[in-house]
Amino acid sequence: MPRSERDPAQPSSAPTSTTPEEPSPVAGPDGDVVLYRERLWPSFWVWVVCIGVAAGSLVVFAPINMTAGVVAFLVLAGLLVFALVRSAATIVVTPTELRVGRAQIERRFLGEVAGFTRDEARVQRGMELNARAYQCIRGWVDPVVTVGITDPADPTPYWITSTRHPRRLVGVLTAD
């Protein structure tokens, strides 16, 4: 099949115009088409808090030695940024699999999919949470999506993941 002149990674049958709600599919590193991709980056306030914590180390060490204070600030800020970047999980949906964080499952084993926001999301993350569920929850992202697992060999009843776009993720997972 010939490739598009504008984007060699996209098949020519893919739509050439996109809307903000539904980006066109692109090929992933394994050659499978990515239908949905989201990185759960920390919110702005999380970065501000981390810089404040790192600045606290400057205040503690500056009276002793300003150089030690600056070094402590830079080291702590670097460690916090590294930790936040590493904790930013990725959600990827392809026609054959769902990947959330480090976990992956074939889509043929997916059951009921539901999205929750605000109070409903809080209930799903709290009182309704099954301890055996796979959890990819980030405190800085309020909405969640639950995905039932139908694999009889898998003891996990469902996956629950934070997402900033629950409607879009549910739509991609329930589309045939």
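A residue counts as partly exposed when its relative accessible area lies between the limits for buried, under 20%, and exposed, over 50%. Arg 122, with a relative accessible area of 49%, is therefore partly exposed in this predicted model.

**View 1. The whole chain of the predicted model, with its helices and strands.**
The protein chain holds 4 helices and 10 strands, and read from the N terminus these elements follow the order β-β-β-α-α-β-β-β-β-α-β-β-β-α. Of the 176 residues in the chain, 36% are buried, while the surface that the chain exposes comes to about 11100 Å², with carbon and sulfur atoms supplying 60% of it. Among the contacts between residues at least 6 apart in sequence, 59% join residues that are at least 24 apart.

**View 2. An open sheet of 4 strands, with a helix packed on it.**
The strands of this sheet are arranged in the order β3-β4-β5-β6, and their pairing is antiparallel. At the edges stand β3 (36-39) and β6 (103-106), each of which pairs on one side only. Neighbouring strands are turned against each other by 5 degrees on average, with direction ignored. Helix α4, made of residues 166-174, packs on the sheet and touches β3, β4 and β5, and the direction of this helix makes about 35 degrees with that of β4. As a general point, the strands of a sheet pair through backbone hydrogen bonds, either parallel or antiparallel.

**View 3. The pairing of β4 with β5, and a salt bridge that involves Arg 99.**
Strand β4 (residues 90-93) and strand β5 (residues 97-100) pair in the antiparallel sense over 3 bridges, and Val 93 stands opposite Leu 98 in β5. Arg 99 forms a salt bridge with Glu 97, in which the closest N and O atoms are 3.0 Å apart. Glu 97 is buried, with a relative accessible area of 15%, whereas Arg 99 is partly exposed at 21%.

**View 4. A salt bridge within helix α3, between Arg 122 and Asp 119.**
The structure holds 4 salt bridges, and one of them joins the side chains of Arg 122 and Asp 119, with a distance of 2.5 Å from N to O. Because these two residues are 3 apart in helix α3 (residues 118-125), about one helical turn separates them. Asp 119 is exposed, with a relative accessible area of 52%, while Arg 122, at 49%, counts as partly exposed. In general, side chains of opposite charge can pair when their charged atoms come close.

**View 5. A salt bridge from helix α3 to a loop, between Arg 125 and Asp 142.**
In the salt bridge between Arg 125 and Asp 142, the closest N and O atoms are 3.2 Å apart. This pair links distant parts of the chain, since Arg 125 belongs to helix α3 and Asp 142 to the loop between β8 (134-136) and β9 (144-149), 17 residues apart. Arg 125 is partly exposed, with a relative accessible area of 24%, and Asp 142 is also counted as partly exposed, at 30%.

**View 6. A nonpolar surface patch made by Trp 41, Val 81 and Val 85.**
Together, Trp 41, Val 81 and Val 85 make a nonpolar patch of about 220 Å² on the surface. Val 81 lies in helix α2, which spans residues 66-86. With a relative accessible area of 35%, Val 81 is partly exposed.

Methods
Residues numbered from 1 in each chain as written. Predicted model: local features only at pLDDT ≥ 70, side-chain atom pairs only at ≥ 80, totals over all residues. Heavy atoms only, no water. Pairing = 2+ DSSP bridges. Axes fitted to C-alpha atoms, helices over the stretch in contact; angles between N-to-C directions. Contact = heavy atoms within 4.5 Å. Patch = residues over 30% accessible without salt bridge, like charges linked within 9 Å, V, L, I, M, F, W, Y side chains within 5 Å. Areas by Shrake-Rupley, 256 points an atom, 1.4 Å probe, with all protein chains shown as cover. Buried < 20%, exposed > 50% of the residue type's maximum accessible area, 1.4 Å probe, protein only.
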